[in-house]
Amino acid sequence: MIKKVVAAFGVSLLAVSIQTTSILATTIEVPSDISSIQLAINSAVDGDTILVAPGRYYENIIFHGKKVVLTSWYSLSGDPQDILRTIIDGSQYTYLDSASTVAMYDNEDSTTALIGFVITGGNGCIVFGAREGGGINLDHASPLIKNNIIAGNRATIPAGGNLRGGGGVNFRFSTGLLIGNYILSNQGYNYCGGLLIQDASVVAKNNVIAYNDGGDLTGTWDGAGAVYTYKCFPPSKFYSNTIAFNHAARAGGFYANVNGNSILINNILYGNDNGQITLSNTNPANFPVLYSDIEGGFSGTANVDMNPILNPDMTLDPISPIVDLGDPDVFFNDVEDITNLGSAQYPALGTIRNDMGSFGGSEPIFQIPLPTLSDPIVSFEGSSSTFIDDSAFVSHMITTIVTNAGLNLTYIDSIVNTSSLSTVGSPSLQEVRILDQDTLSIIWTPTQRFPIIDTVMIYHNDVTYGSPFSYIVDYSIAPCCATPGDYDHNGAFNIADVTSGIARIFSGGPVSPCQDESDADGNNSFNVADVTYGIARIFGGGPAPTCGTTGI
């Protein structure tokens, strides 16, 4: 049941930097108290906490101005597995114009929080004629967004105009806090795959923004694979973020357009296509960059241009040259290892002086317990089928369950079979969402009446984990001789079968669907003797036809 909890319980939730509005706060548990997240938000009042159990929730959440904390069990356990197990999936939207996975539009403030979820499947909302905010869309809202994985969202579907961007998160007219999140593998059509900040001033701290795609156009407003800032008064602040391996035709990293004023301290910008930082109609004096590792270099205090040596989970490798190169001000110090005073607590490295990037400082991002952040992690359940037919050209459905245990979408690129005696149709699905599974079905059809061992090659975008996947089809022919001498395999032996046999031998007519039936003398081959045998039976009372035994 819905219950009151004392402040002592609330302390563990307060560890996520939320101030409650009362000593006794109501905690609503989903699904044990209320079945869905949206219904729980609708029933909550300011100051409540909504605690969500692990599961995949196909919802498009709107906060409706509620000043509540929406969190997974991670806020209690501190276990990143609780984040991976608690997924809000916005892919089954009701209205395409409101297809963001999470939306806040009504003056939600810093006592509103979203903590500890995978946010995926969003397609954005229509805002001033543009589609924006695929995963999280914030307009006149300034919440805390903390310790989430925002991955596999899009802002690409046409919206009446060409502007489609902010695939991961969109802040508009906001002063929110974005702390300790992974913004991964989101897409914008022509601008900003990851984080879009417009007419807003945001504090972004200890986030990983990687593998996002801002599109391939280069018009006036196009660009930004990772971060796009526009009219930021006062400047947005970026502390200890790792912005890496994002793509866009212009400014794959950070694009500050039209007073996209920002302050960058202790950041890594590395491996982004077509520019790490691009300023357009933005005064460099309003865009200071300090103590940061910028590939290709960037003017500013103590900036460096070094390969940070990032591990697959975005932590710094122990031999990274940027360990302890962050701002030496104690405000930015790494968390100290209490068992080894003076040293940083892992995953920070070295001394307690700040490490550049998202694992340095006083609030390092959590580690995701997966072997890679860049690729889907694909497996297939069901790798073979056996079929036995009594006639040719019978189509069969082959199926396999595709599981994606990673944080990038799985794309089924193509299906190719190796046998020249069969064909395959188009796959029943083109993608599998992150941390999800689906059934892949393919129509397989033999084109000749012969035993076939065929390998169907399923190509997908996870080359690390075995593309293509090989599916084996074992096709054999059952004995088909129901009516001996029945060349045309229609259930009756008559003059038409003799005519068909003559046509096959002397003028290249069609092969019998059941060659055993056409083998009237039963010697396992079809030739003129079988036609003669049939004529003798029909016109001269000769012996009855027999059957071959080849099974074809």
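**A predicted model, question by question**

Q: Is I319 buried or exposed in this predicted model?
A: Let's start with a single residue: I319 sits in the loop between strand 34 (293-294) and strand 35 (378-381). A residue counts as exposed when its relative accessible area is over 50%. I319 has a relative accessible area of 64%, so this residue is exposed.

Q: How far apart in space are I319 and Y57, C-alpha to C-alpha?
A: Along the sequence, 262 residues separate I319 and Y57. In space, their C-alpha to C-alpha distance is 41 Å.

Q: What is the radius of gyration of the protein chain?
A: The chain has seven helices and 43 strands. For its 552 residues the globule rule gives 24 Å, and the chain lies well over that, so it is more spread out than a compact globule. Its C-alpha atoms fill a box of roughly 110 × 55 × 55 Å along the principal axes. The radius of gyration is 32 Å.

Q: Which strands form the edges of the open five-stranded sheet with the order 36-43-42-38-40?
A: Pairing in this sheet is mixed. An edge strand pairs on one side only, and that holds for two strands here. They are strand 36 (384-389) and strand 40 (431-432).

Q: Which residue in strand 43 is the bridge partner of M457?
A: Strand 42 covers residues 452-460 and strand 43 covers residues 469-477. These two strands pair in the antiparallel sense over seven bridges. The bridge partner of M457 in strand 43 is S470.

Key. Residues numbered from 1 in each chain as written. Predicted model: local features only at pLDDT ≥ 70, side-chain atom pairs only at ≥ 80, totals over all residues. Heavy atoms only, no water. Pairing = 2+ DSSP bridges. Helix = DSSP H or I, 4+ residues; strand = E, 2+ residues; numbered from the N terminus. Buried < 20%, exposed > 50% of the residue type's maximum accessible area, 1.4 Å probe, protein only. Rg over C-alpha atoms; globule rule 2.2 N^0.38 Å.
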